[in-house]
Amino acid sequence: MDEKKVSEISIRNVGLVLEKTTILDDVCMEMKKGNIYGLIGRNGSGKSMLMKCICGFVKPTDGSIMVRNQVVGRDIDFPENMGILIENPGFISYYSGIKNLVMLAGLNRKIDRRQVEETMRFAGLDPKMKRHVQKYSLGMKQRLGIAQAIMEDPDILVLDEPMNGLDKEGVRDMRTLFLELKKKGKTILIASHNAEDIDELCDHVWEMEHGKSNVVV
């Protein structure tokens with residue numbers, strides 16, 4: 001079987017109601033290996049909440065989400081081998097970037113310090129820099145968040161506004177990085193308000209509106 005034809009993520013008739021408000025309404029999507037998928041839509045359209053459901057942070061009211069043929073919330077609580085960047089990355093502000101990432105890497109023990117340092121360089125950061133995260137610029141914090149998401153070489157990336165706070169050079173760097181990851185067979189889901197990011201990166205695009213998903217490309 002061609003693994004590129006098998007869905008990495010399958011979202012089937014997903015609905016979510018919170019405090020009598022419909023957040024997601026009958027969302028259906030299929031995401032296959034080695035593709036970049038885009039989510040567009042206004043604030044409050046359901047993009048971030050859908051991503052949280054995919055990651056297992058929020059359980060849908062209706063429907064199901066399967067990641068590699070396992071139902072999230074039934075077969076698994078949280079999908080394995082998934083890199084996540086949703087909303088503002090949470091780091092210990094009075095530690096350096098490298099110390100934050102080394103501590104996180106110690107939770108799963110999949111990678112060592114050398115690999116963390118390599119990932120930081122890959123994301124455009126100097127692992128030798130001792131500056132505390134609280135003194136990072138918004139763009140540097142974003143690069144650190146992306147480094148956190150990719151450092152354990154996950155098969156799937158779920159990235160909410162990954163270009164937020166980056167300057168033009170940073171945006172170019174991240175686009176190049178994501179395309180390189182795609183070449184390695186990663187499945188990437190990106191939510192972005194930037195039409196150029198979506199146009200340059202994404203193989204398929206859905207627009208979210210009032211909790212519903214509509215195929216754009």
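Which residue stands opposite W206 in strand 10? V215 does, as the first view shows for this predicted model.

**View 1. The hairpin of strand 9 and strand 10.** Strand 9 covers residues 204-209, and strand 10 covers residues 212-215. The two strands pair in the antiparallel sense, over 4 bridges. W206 and V215 stand opposite each other in this pairing. The hairpin has 2 residues between the strands. H210 takes a positive phi here, near 50 degrees.

**View 2. The open sheet of 6 strands.** The strand order is 6-7-8-3-9-10, and the pairing is mixed. Strand 6 and strand 10 are the edge strands, each pairing on one side only. From one strand to the next, the twist averages 15 degrees. At the strand 6 edge, strand 6 and strand 7 (residues 156-160) run parallel and are joined by 4 bridges. Within that pair, I84 stands opposite V158 of strand 7. In general, strands of a sheet pair through backbone hydrogen bonds, and the pairing is either parallel or antiparallel.

**View 3. The salt bridge of R121 and E117 in helix 3.** The structure holds 13 salt bridges, and this view shows the one that joins R121 to E117. The closest N and O atoms of the pair are 4.0 Å apart. Both residues belong to helix 3 (residues 113-122), and because they are 4 residues apart, about one helical turn separates them. An α-helix has 3.6 residues a turn, so residues three or four places apart point the same way. R121 has a relative accessibility of 45% and counts as partly exposed.

**View 4. The salt bridge of R143 and D173, between helix 4 and helix 5.** The closest N and O atoms of R143 and D173 are 3.1 Å apart. R143 lies in helix 4 (residues 138-150) and D173 in helix 5 (residues 168-183), so the salt bridge ties together parts that are 30 residues apart in sequence. Is R143 buried or exposed? R143 is buried, because its relative accessible area is 10% and the cut-off for buried is under 20%. D173, at 33% relative accessibility, counts as partly exposed.

**View 5. The salt bridge of D203 and K182.** The side chains of D203 and K182 meet with an N to O distance of 2.8 Å. K182 lies in helix 5, and D203 lies in the loop between helix 6 (195-201) and strand 9, so this pair ties together parts that are 21 residues apart in sequence. D203 counts as partly exposed, at 25% relative accessibility. K182 is also partly exposed, at 25%.

**View 6. A network of salt bridges.** Which residues are linked in the network? They are R175, E196, D197 and E200. Side chains of opposite charge can pair when their charged atoms come close.

**View 7. Helix 1, residues 47-55.** Helix 1 is mostly covered, with 7 of its 9 residues buried. The buried residues are K47, L50, M51, K52, C53, I54 and C55. G56 follows the helix and has a positive phi, near 90 degrees.

**View 8. The largest pocket.** This pocket holds about 610 Å³ of space. Its lining has 25 residues, and M82, I84, N108, Q148 and E152 are the closest to its centre. Helix 1, strand 6 (82-85), helix 2 (97-108) and helix 4 each supply at least two residues of the lining. Strand 6 gives the most, with 4 residues. By class, the lining of the largest pocket divides into 14 nonpolar, 6 polar and 5 charged residues.

**View 9. The second largest pocket.** The volume of this pocket is about 380 Å³. Of the 23 residues in its lining, E87, N88, D160, E161 and N164 are the closest to the centre. Helix 1 and helix 4 are the elements that give two or more residues to this lining. The lining of the second largest pocket has 6 nonpolar, 11 polar and 6 charged residues.

Notes
Residues are numbered from 1 along each chain as its sequence is written. This is a predicted model: local features need pLDDT of at least 70, side-chain atom pairs count only at pLDDT 80 or more; totals for chains, interfaces and linings use all residues. Side-chain values use heavy atoms; hydrogens and water are left out. Buried means under 20% relative accessible area, exposed over 50%, partly exposed in between (1.4 Å probe, protein chains only). Two strands pair if DSSP finds at least two bridges between them. On a 1 Å grid over the protein atoms alone, a cavity is a set of points where a 1.4 Å probe fits but cannot get out, and a pocket is an open set with protein on both sides within 12 Å along at least five of seven lines; lining residues have an atom within 4 Å of a point. Grid points are joined across faces, edges and corners, and a volume is the space filled by probe spheres set on the points. Ala, Val, Leu, Ile, Met, Phe, Trp, Tyr, Cys and Pro count as nonpolar, Asp, Glu, Lys and Arg as charged, and the others, Gly among them, as polar. Axes are lines fitted to C-alpha atoms, for helices over the stretch in contact, and angles run from 0 to 180 degrees between N-to-C directions.
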